[in-house]
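The exercises below are meant to be worked through with the coordinates open. Each task is followed by a solution that proceeds step by step.

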Amino acid sequence: MKLESLLSKLEYKAYEGNTGREADISDIEIKSVVNNSKKIEEGCFFMCIKGANFDGHSVSKEAADKKAAAILVQDDVELPDGCTMPVIKVEDTRYAMAFISAAWFGNPAQSLKTIGITGTKGKTTTTYLIKSMLENAGHKVGLIGTIEVIIGDKHIPAKNTTPESYDLQEYMRQMVDEGCDSLVMEVSSQALMQYRSQGFVYDLGLFTNIEPDHIGPNEHKDFEDYMHCKGLLFKQCKVGIANADDEHMEKVVEGHTCKLETFGFSEKADLRAINLAYIRKPGQLGVFFDTEGLIELHAEVRTPGKFSVYNALCAIAVARHFGCTEEEIISALKNAKVKGRIEMVKVSDDFTLMIDYAHNAMALKSLLSTLKDYRPNRLVCLFGCGGNRSKLRRYEMGEVSGRLADLTIITSDNPRFEEPLDIIHDIETGMKKTDGKYVEIPDRKEAIAYAIDNAQKGDIIILAGKGHEDYQEIKGVKYPMDERDLIADIMKERSL
């Protein structure tokens with residue numbers, strides 16, 4: 001591909017090496033586009049990207065030595081004397097990389113109906129709900145999110161909630177080649193801040209909710225910045241769909257350039273939920289509700305709480321733009337399941353057992369508060385905390401569980417390079433600020449067995465923190481460990 005074609009949507013200056021002379025790039029052919037210094041090869045276009053731990057500008061000489069066809073920079077670089085390799089200078093190489101990658105892969109977004117979802121909570125569940133709903137209506141849907149990337153029958157474990165722009169464009173290219181007509185994806189605030197999802201315009205942009213999160217070094221400097229970055233999605237989509245009940249919605253969508261629709265319980269919402277009722281059956285929790293406004297239907301969702309209604313409203317709002325029928329929407333809501341997101345695991349008619357990814361105090365508080373609304377005999381919360389992470393999270397989670405759960409079972413999560421007992425004792429510090437009952441069982445399988453063996457009729461038991469993860473990380477090694485398998489093994493052992 002010609003270098004000029006890759007740069008067609010960008011403002012740039014082209015120089016001959018470090019001579020300062022303007023370069024003629026009209027006939028330069030590019031064999032590959034790379035942003036990883038290990039992949040530099042003859043004829044490639046190397047994009048110098050600044051990361052948290054490595055700056056691609058530092059290997060510009062290496063790119064010249066390896067006969068790269070050209071390099072992309074935002075800072076001045078040193079090159080070998082006499083080097084005439086074209087240097088393409090832009091204001092921001094991350095921004096430019098998104099458009100270059102889109103061009104390199106043939107602008108695949110133009111062949112997909114694209115749906116981007118941003119927000120603090122609910123992104124993952126909502127992407128799967130939408131995927132299920134659209135597939136019910138006959139669409140072939142790709143998915144990109146926290147858990148995995150789905151392309152046809154291929155499932156690729158995710159490294160980031162939203163991949164780097166090059167990887168995102170490559171995934172979209174594969175989706176188009178696989179026959180997908182739609183893509184639903186989670187769009188993190190970090191991704192929006194770093195232009196990972198630039199290079200195309202979303203057909204639909206969704207906002208679920210926002211609470212203070214991801215604030216600190218290498219993330220967002222404050223809540224204002226966090227809200228601003230979330231809001232960037234509404235300057236990059238044709239139609240925006242936002243939660244009217246979130247107190248920060250107006251701030252998040254401020255300056256939007258899209259047509260805007262809203263959902264929620266509020267009368268001002270365009271799509272409204274009414275007549276909410278909780279479902280409690282043996283080993284199962286859920287909600288009934290009706291909708292009015294843009295669509296009128298009666299829905300059942302087999303996950304608990306008000307936040308399940310918000311996720312469902314998001315999905316319903318999207319389905320409307322795809323012409324889904326009422327029957328297709330209702331069926332998808334009733335049958336959709338998301339691994340590790342309020343995932344019910346049936347082991348008894350006497351009590352309810354579920355797995356969820358809640359791994360910080362905010363998520364745990366939301367989950368436990370919701371479950372208390374179902375008036376269990378006891379609310380039992382089993383969790384641990386990750387090693388080599390903030391101790392504050394441990395204190396906070398201990399305190400939340402101590403205040404809301406009737407019994408807390410403190411166990412191990414991913415201890416990484418810390419001792420599990422040290423982490424457990426930190427959680428205990430938070431627990432001791434409350435009157436909550438607790439036990440400490442470091443081995444996670446033993447802890448789950450204890451929860452099952454000591455369950456009482458009417459209990460709700462939540463296994464929090466691991467969710468979709470199928471491993472436990474200890475001293476740099478990820479050992480296989482899936483809570484569903486642990487539960488199956490425990491039940492098998494009890495039946496012998």
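**Exercise 1.** In this predicted model, determine which ring the charged end of Lys113 sits over, and which ring face Lys478 lies over.

*Solution.* Starting from Lys113, its charged end is found over the ring of Phe322, at 5.4 Å from the ring centre. Turning to Lys478, this residue lies over the face of Tyr471, with a distance of 4.4 Å to the ring centre.

**Exercise 2.** Classify the aromatic pair formed by Phe265 and Tyr310, and establish where its two members lie and how accessible they are.

*Solution.* The structure holds seven aromatic pairs, and one of them joins Phe265 to Tyr310, with 5.4 Å from centre to centre and 75° between the planes. Because planes over 60 degrees apart count as edge-to-face, the pair of Phe265 and Tyr310 is edge-to-face. Next, Phe265 is placed in the loop between β13 (259–264) and β14 (271–281), whereas Tyr310 belongs to helix α9 (residues 306–321), so that the pair links distant parts of the chain, 45 residues apart. Finally, Phe265 is partly exposed at 22% relative accessibility, while Tyr310, at 18%, is buried.

**Exercise 3.** Describe the surroundings of Asn209, beginning with its place in the chain.

*Solution.* Asn209 is located in the loop between β11 (202–207) and α7 (223–231). Its relative accessibility is 17%, and since buried means under 20%, Asn209 counts as buried. The side chain of Asn209 then reaches the backbone nitrogen of Lys121 at 2.9 Å. Leaving aside residues up to four places away in sequence, Asn209 touches Gly119, Thr120, Lys121, Asn243 and Asp246.

Methods: Residues are numbered from 1 along each chain as its sequence is written. This is a predicted model: local features need pLDDT of at least 70, side-chain atom pairs count only at pLDDT 80 or more; totals for chains, interfaces and linings use all residues. Side-chain values use heavy atoms; hydrogens and water are left out. Rings of Phe, Tyr and Trp (its six-membered ring) pair if their centres lie within 6.5 Å; planes under 30 degrees apart count as stacked, over 60 as edge-to-face and the rest as tilted. Helices (H or I, at least four residues) and strands (E, at least two) are DSSP runs, numbered from the N terminus. Buried means under 20% relative accessible area, exposed over 50%, partly exposed in between (1.4 Å probe, protein chains only). A charge sits over a ring if NZ of Lys or CZ of Arg is within 6 Å of the ring centre and within 35 degrees of the ring normal. A polar contact is a pair of N or O atoms within 3.5 Å; within protein, one must be able to donate a hydrogen and the other to accept it, and residues adjacent in sequence count only if both atoms are side-chain atoms. Contact means heavy atoms within 4.5 Å.
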